[in-house]
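Hi,

Here is the structure I promised to pass on. Have a look first, and my notes on what turned up follow below.

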Amino acid sequence: MPAAVIARIADELAEADRTHSVIPRITSRFPDATIEDSYAIQGVWRDKNLAAGRKLVGRKIGLTSKAMQQATGITEPDYGVMFDDTVYASGSDIPFDDFSNVRIEVELAFVLKHPLEGPDCTLDDALAAIDYAVPALEVLNSHIELEGRTIVDTISDNAAYGAMVLGDVHKRPDEIDLRWVPGVLSRNGEIEETGVAAGVLGHPATGVAWLANKFHQHGARLEAGEIVLAGSFTRPMWVSKGDDVRCDYGEMGIIECRFI
């Protein structure tokens, strides 16, 4: 895909983010677009945000569980970037109108104490680099029409990342069996989705290793202090303005938020 087209689509997505709107699928207009093209689009969008003063705090990984792959029809993971102004604490009121196609996912996030670099990064390497795990809800924010979208569309749209809500409980990987962290997701007091973290590639930190190896292909690495949002172990739950959301992660605590 020519650089001028990549830049134009990045501008379209930036405008859709600003106006909380949706654009036609990229793959319907450019059926030969590749995954490399989509990461290039995301990169142009990211760099413009950084140039405007936003601060990168980490990365999100998406489509790491069978539940999410079945929900989207996309069968391989992807990743996007997270900026500091998209992070909320549990108990926050979240402005619903700031997002498009608003859904919630149940995840674990990991904060790195050491850099992590491919090409042969393993789960054990990832666990050794992780300072602690913290429960998280991801707010999805899709600026591309959902019907018929492919991984090229989602990657271009920063992997549909909108925001995350972080819990209060931190656990080192040696303090808890991360595979069996539960998630019981409720909307307005009614349970909608349940799952366990092993649904993410068998172990939620496997995605951190995958991301380090993927980054190596682009000549980059994960840095100490970065947050990695590791992927959902439930299907996405649609939310509306006024909804109260609650997720119980067992011994890792509870996250609550409200969309206003």
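Which residue does glutamate 223 form a salt bridge with? Its partner is arginine 221, and the closest N and O atoms of the two are 3.0 Å apart. Before I go further, please keep in mind that this is a predicted model.

How buried or exposed is that pair? Glutamate 223 has a relative accessible area of 33%, and arginine 221 comes out at 35%. Buried would need under 20% and exposed over 50%, so glutamate 223 at 33% counts as partly exposed. Arginine 221 at 35% is likewise above the one cut-off and below the other, so partly exposed is the right label there too.

That bridge has company: the structure holds 17 salt bridges in total. Two others are worth pulling up on your screen.

Start with lysine 60 and glutamate 138, whose side chains meet in a salt bridge at 2.9 Å, N to O. This pair ties together distant parts of the chain, with lysine 60 sitting in strand S1 (residues 56-62) and glutamate 138 in strand S6 (residues 130-140), 78 residues apart. Both partners are buried: lysine 60 is, and glutamate 138 is as well.

Then go to aspartate 244 and arginine 258, where the N to O distance in the salt bridge is 3.3 Å. Here, too, distant parts of the chain are linked: aspartate 244 belongs to strand S12 (residues 244-248) and arginine 258 to strand S13 (residues 254-259), 14 residues apart. Aspartate 244 has 37% relative accessibility, so it counts as partly exposed. Arginine 258, with a relative accessible area of 36%, is also partly exposed. Elsewhere, Arg172, Asp174 and Glu175 are joined into one network by salt bridges that share partners.

Now for the strands. S12 and S13 turn up again in an open sheet of 5 strands, which runs in the order S4-S13-S12-S8-S9 with mixed pairing. At the edges are strand S4 (93-94) and strand S9 (190-196), each of which pairs on one side only.

What is the sense of the pairing between S4 and S13? The two run parallel, and their pairing covers 2 bridges. If you want a spot to zoom in on, try isoleucine 94: its bridge partner in S13 is phenylalanine 259.

That's the tour, so over to you.

Cheers

Key:
Residues numbered from 1 in each chain as written. Predicted model: local features only at pLDDT ≥ 70, side-chain atom pairs only at ≥ 80, totals over all residues. Heavy atoms only, no water. Salt bridge = Lys/Arg side-chain N within 4 Å of Asp/Glu carboxyl O. Helix = DSSP H or I, 4+ residues; strand = E, 2+ residues; numbered from the N terminus. Buried < 20%, exposed > 50% of the residue type's maximum accessible area, 1.4 Å probe, protein only. Pairing = 2+ DSSP bridges.
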